[in-house]
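Student: I have a model open and would like to practise reasoning from definitions to conclusions. Could we go through it together?
Tutor: Gladly; here it is.
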Amino acid sequence: MSNQLLKDTLTLVLSGGQGERLYPLTRDRAKPAVPFGGIYRIIDFTLSNCLNSEIPRVYVLTQYKSFSLDRHIMLGWSSLFNNPELGRFIHILPPQQRTGQTWYLGTADAIYQNIYTLEREKPEQVLILAGDHIYKMNYAEMVRYHVERKADLTIACVNVPKAQANQLGIAVCDVDNRIQGFQEKPKENPATIPGDPENCFASMGIYVFSTESLVRRVSADARKETAHDFGKNIIPEMVAENARVFAYPFKDENKKDVAYWRDVGTIDGYYEANMDLTEVNPLFNLYDETWPIRTYREQFPPAKFVFSEPQGEHPSRRGQALDSLVPNGVIISGGTVEHCVLSPQVRINSYSHVQDSILMEGVSIGRRARIRRAIIDKGVRIPEGTTIGFDPEVDRARFTVTANGVVVVPKEMPLG
Amino acid sequence: MAKLLVVDDDKNLRLLYEQELEEEGHDVTLASSGPEALDYLKSNRPDLIILDISMPGMDGIEALGKILAKDKTMPVILNTAYSTYKDNFMTWSADAYVVKSGDLTELKAKIKDVLKTRGMLA
């Protein structure tokens, strides 16, 4: 891989969406800052990809509720990226209102409003990432693919079975992977990959633009009444005008049989992707040292499991966790956790039982509480004897309950 | 014909543009700076703005941003003595870029082009 190609590439991570479908997890934080997998935040997977791909220049475009995202990047990522001597950096870029008084009207407008930054950096290519998917990908290979084809735009696409096409944006390609058109969530007869009649190419929302093409397109788009959106406006226009738009077949660095790429933009999707991590053989591999996933982590004492009364006829006081992720700083004090993702400083008190749940930082589960299929956000103290996840009617009266029956207890909600 | 606003800090050039463009049949208003132009735009809407770049204080690039922020459909031709700004991405949202020269043939042609594209000229 030529280093020069990456030096000539500027990476923008669009992190300004409201993440409404993840509400209430996004009530107090930007979607990329939503915790994931016990110790990570969603954006860590994209930033780990950047670091593992040796991407040198990264801007994170923030907007709504960006404080915890800013802090996370400052504390966890600055030291990994920033080296001015080598031209490597990660910078947080809030809206500057150089071109207007509005916040970002859409993804294309987010770029238009930051043309000053592109002008200053003058990259040859711009890599645009979303910061809200979980996957492992080497962006350097995509950039090379883009440059080799002298493309105006390259869109990363993942192979999906025909049956899943109705949930996704499908690229219609020729044999050279040049994109001829798009089908948005096609109900029937989705376009399949040339030579592979069972699978389709779904857009992953990852783009490499030649800078000139990007700037011309977003500048023109900014002057029209559109949604100012890549997917809705810019890309269809480029394809219609016969610009060189290519699909890049996603090459998964996860090293499993099936390619892993998950939209964690809905509560149910988010829940399932977390639960997968507790499996004996998870689909998503956190343990591959050749593709490490990094994050900011505070120092905590080791996880502790206390009380080990023998199991008998009466409920015994045993602190135990089974099929679960248990990070440092957790105290499991006489309660049982099964098939859960825990976060630092979680406390599980005696005789309680928590299963199939995600507990975020600082959550405390009171004695004899019974919790099932719940996401309990940061800092919630579950009072003694509380039951969640057993009666949807009762839960719905107090909490958000998803279509799949996952209960969400919002951050710091006072209970009892 | 069309209602034009010419923004240029050079008084002699302003007078030249006024004379030549009025001869073309246009209705010409002059402004000597970005702020003066923005002030004029508060209560007027020309069909097209001819905007110098290199001006003291607010330059034409900044003025372009402010003009488009108020009315993104406003046609603007950047008119400058320098070709180097052509590579500046911030100028790419203008409708056209004309390098100043002794005669105004190119500018006049670009004015016609832009008005035609905008459907303001048959």
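Student: How many helices and strands does chain A have?
Tutor: Chain A has eleven helices and 27 strands. Please keep in mind that this is a predicted model.

Student: What makes chain A as compact as a globular protein of its length?
Tutor: Set the value against the globule rule. The radius of gyration of chain A is 23 Å and the rule gives 22 Å for 416 residues; the two are close, so chain A counts as being as compact as a globular protein of that length. Along the principal axes, the C-alpha atoms of chain A fill a box of roughly 75 × 50 × 40 Å. As for burial, 45% of the 416 residues of chain A count as buried.

Student: Why is Glu393(A) called exposed?
Tutor: Count its neighbours. A residue is exposed if 12 or fewer other C-beta atoms lie within 10 Å of its own. Glu393(A) has 7 C-beta neighbours inside 10 Å, so Glu393(A) counts as exposed. You will find Glu393(A) in helix 11 of chain A, residues 392-398. Its C-alpha atom is separated by 57 Å from that of Lys150(A), and the two residues are 243 residues apart along the chain.

Student: Into which domains is chain A divided?
Tutor: Domain 1 covers 3-276 and domain 2 covers 304-409. Taken over C-alpha atoms, their centres are separated by 35 Å. The contact between them takes eleven residues from domain 1 and 17 residues from domain 2. On the domain 1 side, helix 10 (residues 267-276) gives the largest share, five residues. That side divides into seven nonpolar, three polar and one charged.

Student: Which residues touch the most other members of the largest nonpolar core?
Tutor: Ile155(A) and Cys157(A) do, in a core of 150 residues. Strand 11 of chain A (residues 199-210) provides the largest share of this core, eight residues. The core draws at least three residues from each of domain 1 and domain 2 of chain A. Leaving out residues up to four places away in sequence, Ile155(A) touches Ala171(A), Ile179(A), Ser203(A), Tyr207(A), Val245(A), Ala247(A) and Tyr248(A).

Student: How do you know that strand 9 and strand 10 of chain A pair?
Tutor: Pairing needs at least two bridges between the strands. Strand 9 (residues 169-173) and strand 10 (residues 179-184) of chain A are joined by five bridges, and they run antiparallel. In this pair, Cys173(A) stands opposite Ile179(A) of strand 10. The two strands form a hairpin with five residues between them, and Asn177(A) in the turn has a positive phi of about 70 degrees.

Student: What makes strand 15 and strand 25 of chain A edge strands?
Tutor: Begin with the strand order: an open sheet of five strands in chain A runs 15-17-19-22-25, with parallel pairing. Strand 15 (320-322) and strand 25 (387-388) each have a single partner strand, so one side of each is left without a neighbour in the sheet. Further in, three bridges join strand 17 (residues 336-338) to strand 19 (residues 353-355) of chain A, and these strands run parallel. There, Gln355(A) is the bridge partner of Glu338(A).

Student: Which strands stand at the edges of the open sheet with the order 14-16-18-21-24?
Tutor: That sheet of five strands in chain A also has parallel pairing. Strand 14 (304-306) and strand 24 (381-382) stand at its edges; each has a single partner strand, so one side of each lacks a neighbour in the sheet. For strand 16 (residues 331-333) and strand 18 (residues 347-348) of chain A, two bridges join them in parallel. Ile332(A) stands opposite Ile348(A) of strand 18.

Student: How many residues does each chain give to the contact between chain A and chain B?
Tutor: Chain A gives 13 residues and chain B gives ten residues. On the side of chain A, helix 6 (115-121) and helix 8 (211-222) are the elements that give two or more residues. The residues on that side divide into five nonpolar, four polar and four charged.

Student: Which residues of helix 3 of chain B are buried?
Tutor: In this helix, residues 60-70, the buried ones include Gly60(B), Ile61(B), Ala63(B), Leu64(B), Gly65(B) and Ile67(B). Their cover includes strand 1 (3-7), helix 2 (34-41), strand 3 (48-51) and strand 4 (76-80) of chain B.

How values were computed
Residues numbered from 1 in each chain as written. Chains lettered and ligands numbered in written order. Predicted model: local features only at pLDDT ≥ 70, side-chain atom pairs only at ≥ 80, totals over all residues. Contact = placed C-beta atoms within 7 Å. Helix = DSSP H or I, 4+ residues; strand = E, 2+ residues; numbered from the N terminus. Nonpolar A, V, L, I, M, F, W, Y, C, P; charged D, E, K, R; others polar. Domains from an automatic or database assignment. Buried ≥ 20, exposed ≤ 12 C-beta atoms within 10 Å, placed from the backbone. Rg over C-alpha atoms; globule rule 2.2 N^0.38 Å. Core = buried A, V, L, I, M, F, W, Y, C linked by C-beta atoms within 7 Å.
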